[in-house]
Amino acid sequence: MGAADIPAPLIALRTRAAKLQKHIVLSEGTDPRVLEAAAQATKAGLARISIVAPTGTAAPDGVTVHDPATSPHRAALITAFLEARAKKSPTQEQAEAAINDPLVFAALMVRAGLADGTIGGATHTTSDTVRAALQMIGKGPNAGMVSSFFVMVMPDYHPTRPEQGVVFSDCALVIEPSAQELGMIAVQAAASAQQLLGVDPKVAMLSFSTKGSAQHPNVTKMTEATEHAKAAGLAVDGELQFDAAFVPEVAASKAPGSAIAGQANVFIFPDINAGNIGYKIAQRIGGASAIGPILQGLAAPANDLSRGCSTEDILDMIAVTAVQADAS
């Protein structure tokens, strides 16, 4: 993909990341896509890049290799592991074995301040990648929970929002959030939209009902979630069907007078079923670019890749992680 093919919101993210020069560690440094992304990111000045890989790995110029077995940071990271898992009372031997896992090693580098953020998931499952981040880095001091989101960028041929970026949350992590948790997810997703896309967040709490058009406990959950989000000071409305949240003409009919309907740029799904299905339909049928899942609520950035990711996907995630690190 040439520069002319990269949507404007992603160019803006990469430009911001290049100015920050954060140190990002890629945990799967033997994967060819990761190595190519490391090479391109370094050449473009996107970030300072390290990889976790065995000693002797042919790393691109300017990319540092960290081998857990021989790293000069090994003793410090064993200590960091023992601190992170203190409630489980791990032994020294367990710690020494655990940090051989590249996901754990990379996350501990972030915890110890040796890197600003980490990315994995090209060859590991989401559950493995997220578990390492949660256990080694943990929640931020003011975060009620850790959740996830996708940045969805509309294609340039979209009839009303060409190349516009929006946020979908939570599509990958919290399986069945409560109304209160949905309110927290909305707060986190709004902050993420503002941070990464530079937009004034307008949050839609999604449902199969709009403003009481249907009665069901699942609808009630979204109206309660809307109240939790409003109490946190968000510009939010719900419950809204997606078309009422996204299309001004539909909003005028289904939710007249709403300051959010038809203009939303942050979309909160009622559960992971709806969110995961929704983002994949937007991507595979609607032609939107999907960047994520991106984690929010951690003490420092750690992000997940799809195992089907491309080099371009990794570059986008490097940019996202670098910009997140600027605020952590």
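**Briefing: cysteines, helix H3 and the empty spaces**

Cys171 counts as buried, since its relative accessibility is 0%. Keep in mind that this is a predicted model. According to UniProt, in an unreviewed entry, residues 14-322 carry the annotation "domain: Phosphate acetyl/butaryl transferase". The C-alpha atoms at the two ends of that span, residues 14-322, sit 9 Å apart, and the span is 42% helix and 17% strand.

**Cysteines**

- Searching the whole structure turns up zero disulfides.
- Cys171 is in no disulfide, and the nearest cysteine sulfur belongs to Cys309, 18 Å away.
- Why is Cys309 left without a bond? Its closest cysteine sulfur, in Cys171, is 18 Å off, which is too far, because a disulfide needs the two sulfurs within 2.5 Å.
- Cys309 is buried too, at a relative accessible area of 5%.

**Helix H3**

- H3 runs over residues 74-84, and its buried residues are Arg74, Leu77, Ile78, Ala80 and Phe81.
- These buried residues span an arc of only 160° around the axis, so they end up on the same side of H3.
- As a reminder, an α-helix has 3.6 residues a turn, so residues three or four places apart point the same way.
- On the face turned away from the buried side of H3 you'll find the exposed residues Ala75 and Glu83.
- The cover over the buried residues of H3 includes helix H4 (92-98), helix H5 (102-111) and helix H6 (126-136).

**The largest pocket**

- The largest pocket offers about 710 Å³ of space.
- Its lining takes in 34 residues, and those nearest the centre of the largest pocket are Tyr279, Gln283, Ala290, Gly292 and Ser306.
- Two or more lining residues each come from helix H1 (8-20), helix H11 (272-284), strand S10 (289-296) and helix H12 (311-325).
- Which element gives the most to the lining of the largest pocket? That's H11, with six residues.

**The cavity**

- How many cavities of 30 Å³ or more does the structure hold? Just one.
- The largest cavity has a volume of about 80 Å³.
- Residues lining the largest cavity include Leu103, Ala106, Ala107, Thr118, Gly120, Thr129, Ala132 and Ala133, along with Leu295, Ala302, Asn303 and Asp304.
- H5, strand S4 (117-120), H6 and strand S11 (302-304) are the elements that give two or more residues to the lining of the largest cavity.
- H5 and H6 turn up in two places here: they help cover the buried residues of H3, and they also contribute to the lining of the largest cavity.

How values were computed:
Residues numbered from 1 in each chain as written. Predicted model: local features only at pLDDT ≥ 70, side-chain atom pairs only at ≥ 80, totals over all residues. Heavy atoms only, no water. UniProt positions renumbered as here; feature names shortened; annotations may be inferred. Helix = DSSP H or I, 4+ residues; strand = E, 2+ residues; numbered from the N terminus. Buried < 20%, exposed > 50% of the residue type's maximum accessible area, 1.4 Å probe, protein only. Arc of directions from axis to C-beta. Contact = heavy atoms within 4.5 Å. 1 Å grid on protein atoms, 1.4 Å probe; cavity = no way out; pocket = protein on both sides within 12 Å on 5 of 7 lines; lining within 4 Å. Points joined across faces, edges and corners; volume = space filled by probe spheres on them.
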